[in-house]
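Work through the following exercises with the sequence and the coordinates open beside you. Each one sets a task and then takes you through a solution step by step.

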Amino acid sequence: MSTAGNTMTTSSAKSSVVRVQRPEADSTWYLPGIAIGLWMTGKRLVLNLVETLTGRPDRMPTVNYPEQKYEYSPRFKGNHVLTVKKDGSLRCTACMLCATNCPADCIHIIASEHDDPTVEKYPIRYEIDVLRCVFCGFCEEACPVDAIRMGPEWQTPGVNGSDFVYDIKHLAYRPQLKGGIVSVLDESERHKAGI
Amino acid sequence: MLKCTLNGREVEVKEGTTIIEAFYQNKIDIAHYCWHPGLSIAGVCRLCMVEIEGNPRLQIACNTVVTEGMKVNNQSAKVKEAVKWGLDFHLINHPLDCPICDQAGECGLQDQYMKYGQYDSEMAEAKQKKHKVVDLGPRVVLDSERCILCSRCVRFTDEVSKTNELGIFNRGDRAEIGTFNGKPLNNKYSLNTVDICPVGALTSKDFRFRQRVWFLKDAETVCTGCSTGCNIKVHYNREGLFRVKPVYNAEVNGHWMCDEGRDVYKFVNKESRLLDARVVSGGKAEHMTAFEAAKRVGEKLKGAGKSVGLVLTGSYTVEEYEAIMSYFKTEVGTDRVFHWINNPESFESFDGLLLRGDRNPNTRGLVQALQKHGFSAQWKELTEALSTGSIQTLVVAGPENQVWFPDFKVKVAELAKATRLVWMTSGKSSALDELKGEVTLIPLKSYIEKSGTFVNHAGRAQSIRPVTSIVKGALSLTEVVSAFRGEALQATEVVVGRSENEIGRGRIHNEFTLSRGAW
Amino acid sequence: MAESKYLTEHYGKPEYQTLEGYKKLGGYQVLEKALKMQPQQIIDEVKASGLRGRGGAGFATGVKWGFLPNNGEPRYLLCNADESEPGTFKDRLMMERAPHQLIEGMIISAFAIKAKKAYIYIRGEYTGPAAILEKAIAEAKAAGYIGKNVLGSGFDMELDLYIGAGAYICGEETGMISSLEGLKGQPKLKPPFPAVQGYLRKPTIVNNVETLAAVTYVIRDGAAGFRKYGTEKSAGTKLFSISGNVNKPGTYEVPLGYKLMDLINIECGGLKPGRKLKAVVPGGSSAPVINAEECERATLDYECLAQMGTMLGSGAIIVIDDSNCMVDVLSTITHFYHHESCGQCTPCREGTGWMEKIVHGIVHGEGKPGDLDLLLKIADNMKGRTICALSDAAALPVLSFVTKFRDEFEYFIREKKSKVRGGQIYAQMHA
Amino acid sequence: MFKLSEDGLKYVKNELTRYETKQSAIIRCLYRAQDENGGWVSPEVIQHLSEVMEIPAAQIEEVATFYTMFNKQKVGRYHVQVCCTLTCGMLGGRELTDAMMKEAGCKKTGETSPDGLFTFSKVECLGSCDTAPMLQINRDPYIESLSTEKAVQLVRDLRAKAKGH
């Protein structure tokens, strides 16, 4: 771990090159580096012990998982959620924008004709291969109708590979969602304003 | 020839060309919807406004004829403003349902808004509500709200298919395209209206919601539906082919193609193809690669003489005929080569525009090859030879599009009388699967996967190039012949898809280019 | 010079309507005189008289006749009796009181331009005048004025009546031609102009009822006699249909150049008591409105009104006094153009709808501050962008109403009620 | 199924030969068919005309739906068309229509009254602005210089006349 910063001078007039001298590997003293490291961790250890004993645990950054859960920000990009309309049906119209925008190509949609002519198009198969998903949130940004969102959950263990290809039933109606998250955009308001 | 300047560039045009044709010929962008090179001038979308020197008012380019020394400009601020407002008027009553519209990605409104619009709409009033998902006929669906009333489809049914099914009913912005409800849009060229519709008003039922167009690549080839040989463009991706659209070719098919040709992609996809070779003898079936099966057949054929018969259909290329006929003539030594004509009664029929009764792309090429090699055997000689057993092995190059061979099952039964049957085809069929006796099935490449030349009814040679590969092991007839001879297979032709310079054209951003953001 | 009954000399007499009465009062004598002249002579006479189109465009009739190519193709003469411009009802009066005057004028004009077939295109709602015309044509045919070898002059001519079915757009030249051809009354692309390729792609001349009737008088009194009335550039007299807030609305024939205020105060008996003049729409609903101050200077001829930024148009004068709310008046006009746009060209089809929705919003108290500028922008970008002039006709009233009476519009948007009538306007009483 | 009457058919055949092209006869034949079909143009009417005149049905429907004087829905015996444009609008045409509708029992324009007699429409300028406000019933001559009372009285007279015989 070199401690001497290397300087890169860019001489403006003539383009002379400055040779950088670095100490040879075998003659470097590593002791000071190690000492600083020990000092830092030691200080944090002592502080933690003191705080837990003196009854002020909230100052401590560590969390007692799983009894306590760390509170992530609302913009946290966790597992995907397919939002639903008021009547519980999927909001997604299978427009494939999320699949197009996804850098990992892990969203596969098959669209089909909806029998209600005002809906026209909806996905009969919507799968996200979570093992390939990088949770970048591009799909959420691409969706024009707030149909897919990155929810707050992140602890989603699974046993064999197939569990990790989430289908519509899981994405929109898994138990934690309690019947589906109703989307922000209210259907009727959209048509009333004629937008 | 007339000289005129388009946007400051000096160009020469023929007498009587309109300004928009001059722009078109010199590849200069001009905003337009209702003008179509194959239809009459409507002049209703009012987008192709240009400024002509010496004329205070903007003129529409589609109806103004070029005169000598005319200076035309469509880049001036006044024209840009006019086109911007023209687009605004098109879009104020347009339903923003791009997510559920099949035309998204190749829509005239999207493209030209990005090129000429890029404005913030000030329309906050309620939009005009019209009929959605209207069933116009067996193959076309209409959405009146998306329709910009450019009247291309109406002019098409009046001028090209001459069936007058479509009309614009009501008046003003309550106007809607439609058919009289007793007479649906079901002429043989109805899907052309879907191609020329610049927006998503008319969409094809067959392609409805099946794929997004930016996931499709396209490549030009020749339609194998009938002997007219229309130039077409096939849209495909990894999962197979999705649809077929016509390509302009002045001498052959103009801008149009028939509806039956639109299904030409269906028998090429994996689900209707023979995937691997099968040798059935003594009730036991053995699966192997096509090359292996062909080599085995080749050993039996060598020098077998007259006891071998060959049945050919008109769906193969001239090169393939040349290879297989010379092989059968010299190395097999038989002259019993038969031409299987699928529908003799309507063979010569012609519907006046494009569709011909002869449902094979290369009948003329086959007939020429037969004459060149001196084969003139008649079909009845085959039936008689089969019944007397004088033909032991029968090699059949089966039809590629079984849809247009109504007598397919009957013929299969008839040809199965031969003691040893070798059936080479690209499409699978239940009739072939149930064949008893000694049968060898060899999968062939479809016209999408091989290069070659077709000769259409008028003797015009048109070449096709490999577009993609659907069935890995399939062979073309030339490769089968080299397998018969036992030679090693040369490197299978590189699947080019389309030449380098074409990749830049059309859709830039799709899953194949893998260069995100190259928007 | 007060009202001068030139064309309308015998309109008061009921027998003028019949063939005998018309002939007794000097009818069809001009026809005999004209048939002895050379067709080109008649055209030159009309050109010299400076007679201009009375339908709305005011295009010199002689010049229009001169555009006909002599390529031997059969020619058609069409009389535009569609008269759907709001405020106009002079043609109706002429056809009811003097059908033969029109017929004689048409025969002379057809003879001049060598047209074998002539149609009168009358609007569908005029069932009364249509019946009178049908009878008059039958009488003229029986008397030998129409048909083979008219009055032994070797000129044969057919005249037929075509009934419209309710479309303002069929008042436009090529719209009428499309309607005559049995299609929807949608205007055709120009060029080619009707004089070169009109009805069934043959050379066609379309003139208004009053123009064709005036031709008889041009031939009877010669160009000089005709020019006795009117000004140098706008020769002859014109029938003006005056309506709105005047005591005696009606059709008055006055020489061109007559002062507008005289017509209103003298012939029409002025405004209702206690009312002040607010505005006048001088040439039918598509003519830009002129406010009271401009009315004082206005004289009724093509040049003066054009110079003031409006137009003589079909000579339909609508007088608006101070009891009317301009926003309410504009809402009926924008509704009219939205209803009558034929829907062929996008700027007009969508623009008329958009403007009506904006004005409709203002009248219902939902106007937004930006609406007025938006209206002006829409109107500006509709003008001159379409096949026919309906989009200009829809844009001009909006432009003139909003610019000249902007305070009323702004008041309406701000206060959600009319500056003149408060809440007492139709839209808000009958939601 | 709608069928033209005997002389209706003769009328149409004669109209077909009257003009240079068959299509020019569409308007008059539609008028005749509308009168024989109780005042409105139904799809059956268009179908029948298309067969009789040998013109594509779409073209006849185009013309029928383009012009306002062909009614696309059923109308009562008296189709009252009140002018509401510009001058008539200023002089109370619209208020007059509402008063008549209340009297006849129609809630909105285009709706036939319960007794099947009246249908009201607000139409555009009928070319009689000097005698504003005014109206036209079916295709009869104009009824002019009306006031709201006179108009309401007109509705009562018409109802009485209809009930009379």
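**Exercise 1. Two residues with an unusual phi**

Locate E54(D) along its chain, decide whether E54(D) is buried or exposed, and then do likewise for N7(B).

*Solution.* Keep in mind throughout that this is a predicted model.

Step 1. E54(D) is found in the loop that runs between α3 (43-53) and α4 (57-66) of chain D. The phi of E54(D) is near 55°, which is a positive value in a residue other than glycine.

Step 2. The general background is that most residues other than glycine have a negative phi.

Step 3. A residue counts as exposed if 12 or fewer other C-beta atoms lie within 10 Å of its own. Because E54(D) has 9 C-beta neighbours inside 10 Å, E54(D) is exposed.

Step 4. N7(B) sits in the loop between β1 (2-6) and β2 (9-13) of chain B, and N7(B) has a positive phi of about 50° although it is not a glycine. With 17 other C-beta atoms within 10 Å, N7(B) is partly exposed.

**Exercise 2. Peptide bonds that are cis**

Find where P192(C) and P133(D) lie, and describe the peptide bond that leads into P192(C) and the one that leads into P133(D).

*Solution.* Step 1. The general expectation to hold in mind is that most peptide bonds are trans.

Step 2. The bond from P191(C) to P192(C) is cis, with omega near 5°, and P192(C) belongs to the loop between α8 (173-180) and β4 (204-208) of chain C.

Step 3. The bond from A132(D) to P133(D) is also cis, with omega near -20°; P133(D) lies in the loop between β2 (118-123) and β3 (135-137) of chain D.

**Exercise 3. One helix of chain B**

Check the span of helix α7 (residues 290-301) of chain B, and work out how its buried residues are arranged around the axis.

*Solution.* Step 1. Helix α7 of chain B has 12 residues, so at 1.5 Å a residue it should span 16 Å, and this agrees with its end C-alpha atoms, which are 16 Å apart.

Step 2. The buried residues in α7(B) are A290(B), A293(B), A294(B), V297(B), G298(B) and L301(B). They cover an arc of only 140° around the axis, and therefore they lie on the same side of α7(B).

Step 3. After the helix comes G303(B), whose phi is positive, near 65°.

**Exercise 4. Two packed helices in chain C**

Describe how helix α3 (residues 39-49) and helix α9 (residues 209-226) of chain C pack against each other.

*Solution.* Step 1. Two packed helices are described by the angle between their axes and the distance between the axes.

Step 2. For α3(C) and α9(C) the angle is about 55°, and the axes are 9 Å apart. The two helices are therefore oblique to each other.

Step 3. In passing α9(C), α3(C) makes a left-handed crossing. The residues that make the contact are I42(C), E45(C), V46(C), A48(C) and S49(C) on the α3(C) side, and V215(C), V218(C), I219(C), G222(C), A223(C) and F226(C) on the α9(C) side.

**Exercise 5. Which chains touch**

Which pair of chains has the most contacts, and which elements of chain C supply the side that touches chain D?

*Solution.* Step 1. There are 4 pairs of chains that touch, and the most contacts are between chains C and D, where 42 residues of chain C are in contact with 36 residues of chain D.

Step 2. On the side of chain C that touches chain D, at least two residues each come from α7 (127-142), β5 (237-244), β11 (316-321) and α13 of chain C. The largest share, 6 residues, comes from α13(C).

Step 3. The contact between chains C and B takes 25 residues from chain C and 25 residues from chain B. Here α13 (326-340), α14 (346-363) and α15 (371-382) of chain C each supply at least two residues of the side of chain C that touches chain B, and the largest share of that side, 11 residues, comes from α14(C).

Step 4. Chain A and chain C do not touch, their nearest C-alpha atoms being 13 Å apart, and no contact joins chain A and chain D, whose closest C-alpha atoms lie 22 Å apart.

Terms used
Residues numbered from 1 in each chain as written. Chains lettered and ligands numbered in written order. Predicted model: local features only at pLDDT ≥ 70, side-chain atom pairs only at ≥ 80, totals over all residues. Helix = DSSP H or I, 4+ residues; strand = E, 2+ residues; numbered from the N terminus. Expected span 1.5 Å × (residues − 1). Buried ≥ 20, exposed ≤ 12 C-beta atoms within 10 Å, placed from the backbone. Arc of directions from axis to C-beta. Axes fitted to C-alpha atoms, helices over the stretch in contact; angles between N-to-C directions. Parallel < 35°, antiparallel > 145°, perpendicular 65-115°, else oblique. Left-handed = near helix turned anticlockwise from the far one by under 90°. Contact = placed C-beta atoms within 7 Å.
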